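Colleague: Could you take me through one part of this model closely, starting from a single residue and working outwards? I'd like to follow it on screen as you go.

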Amino acid sequence: MIYRIKATTEGSKNFLRMYEIKTSQTLYDLHEHIQSDLGYAPDQMIEFRTLNATGEEAHEYGLFDMGDGSIDTITMQDLEEREEMTLFYVFDMHNDRTIRLEIIEEDEIAPRKVYPLTSEEKGIAPDQFDPNKKDEKELPASRKPAPRSNNDDNLSDDDEDLGDEETDNEDIDDDEEDLDDDYGGMFGEEEEE
C-alpha cells in the first residue's frame with residue numbers, strides 16, 4: 001500500500017506538493033525525497049513533528065533518536081498505527097520553519113513506479129535559508145517587476161532592424177587570416193610544406 005501526502009506551507013498559497021510513499025518506507029525515505037524534490041541542501045538538521053488525532057503535538061523524530069525514535073526507524077505504517085496522520089517537516093531549525101504534511105489517502109502500489117515520488121507540484125518551494133525571500137507571485141502588485149513588452153514601439157531610434165544591413169565578408173576573412181598568422185594555422189587550412 002501507499003500513502004498520498006499533501007504538502008503545504010504556512011504563508012504561501014502558491015506552494016503545493018503531493019507525494020506518494022509506501023507504507024513500509026521510513027520517514028528518512030520521505031526526508032530524502034523532500035530534500036531532492038525541493039532542491040534543499042542535505043547537510044542541514046531536520047526533524048518531523050507529528051500531531052495526534054486531537055491535533056496535539058505527539059512526537060518528534062530527528063536524524064538522531066531524541067527519545068521518540070529516529071527517522072530511519074519510523075515507518076509510515078507506524079504513524080498510522082499511532083494515529084499521527086499530520087506531521088510537520090522542520091526544514092529550518094533556526095527559524096522553526098515547516099512544511100505541513102497530511103496523509104490524505106491510502107492506495108494500491110502502482111506497477112513500475114519507484115517510491116517515494118512527487119505526483120503533483122505547484123509553486124516554488126520556500127527558500128531553505130532565507131525566511132524573508134518571497135516567491136514573485138506572492139509579492140504585492142506594487143512590488144512586482146513590470147512586465148516586459150515585445151512591442152517594437154519600445155525600440156529607440158538607435159535600434160534599427162539589423163536584418164537589412166549587408167555584412168562585409170572581406171572583414172571576416174581578414175580576421176581569420178590574422179588569427180591563422182597568430183596561431184600558426186590553427187584556424188584555417190593546413191599550410192603546405
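Modeller: Asp96 is partly exposed, with a relative accessible area of 43%; buried means under 20%, exposed over 50% and partly exposed in between, using a 1.4 Å probe and protein chains only. Before we go on, please keep in mind that this is a predicted model, in which local features need pLDDT of at least 70 and side-chain atom pairs count only at pLDDT 80 or more, while totals for chains, interfaces and linings use all residues. Residues are numbered from 1 along each chain as its sequence is written, and side-chain values use heavy atoms, leaving out hydrogens and water.

Asp96 sits in the hairpin of E5 and E6, which has four residues between the strands, and takes a positive phi near 55° there. Strands and helices are DSSP runs numbered from the N terminus, with at least two residues (E) for a strand and at least four (H or I) for a helix. E5 and E6 pair in the antiparallel sense over six bridges; two strands count as paired if DSSP finds at least two bridges between them. Within this pair, Leu87 stands opposite Leu101 in E6.

Now look at the side chain of Asp96. Asp96 forms a salt bridge with Arg49, and their closest N and O atoms are 2.8 Å apart. The term salt bridge means a side-chain nitrogen of Lys or Arg within 4 Å of a carboxyl oxygen of Asp or Glu. Asp96 belongs to the loop between E5 and E6 and Arg49 to strand E3, so this salt bridge ties together parts that are 47 residues apart in sequence. Arg49 counts as buried, at 18% relative accessibility.

Arg49 also leads us to Glu47, since a polar contact of 2.6 Å joins the side chains of Glu47 and Arg49. A polar contact is a pair of N or O atoms within 3.5 Å; within protein, one must be able to donate a hydrogen and the other to accept it, and residues adjacent in sequence count only if both atoms are side-chain atoms. Glu47 lies in strand E3 and is buried, with a relative accessible area of 4%. Leaving aside residues up to four places away in sequence, Glu47 touches Glu60, Tyr61, Gly62, Met66, Phe88, Tyr89, Val90 and Met93, where contact means heavy atoms within 4.5 Å.

Back at the hairpin, the side chains of Asp92 and Arg97 meet in another salt bridge, at 3.0 Å from N to O. Asp92 is buried, with a relative accessible area of 6%, and Arg97 is buried too, at 14%.

Let's step back to the sheet that holds these strands. Seven strands form an open sheet in the order E4-E3-E5-E6-E1-E2-E7, with antiparallel pairing. Strand E4 (57–62) and strand E7 (117–122) are the edge strands, each pairing on one side only. From one strand to the next, the twist averages 25°. Helix H1 (residues 27–38) packs on the sheet and touches E1, strand E2 (12–22), strand E3 (47–51), E4, strand E5 (86–92), E6 and E7, and its direction makes about 135° with that of E2. Such angles run from 0 to 180 degrees between N-to-C directions, with axes as lines fitted to C-alpha atoms, for helices over the stretch in contact.

Next, follow E6 across to E1. Strand E1 (residues 2–9) and strand E6 (residues 97–107) pair in the antiparallel sense over seven bridges. In E6, Ile103 is the bridge partner of Ile5, and Asp107 is the bridge partner of Ile2.

Side chains link these strands as well. Arg4 and Glu105 meet in a salt bridge through their side chains, at 3.3 Å from N to O. This pair links distant parts of the chain, with Arg4 in strand E1 and Glu105 in strand E6, 101 residues apart. Arg4 counts as buried at 17% relative accessibility, whereas Glu105 counts as partly exposed at 38%. Arg4, Glu20, Glu105 and Asp107 are linked in a network of salt bridges, and the structure holds nine salt bridges.

Finally, the whole chain: its elements run β-β-α-β-β-α-β-β-β-α from the N terminus on. Of its 193 residues, 32% count as buried.
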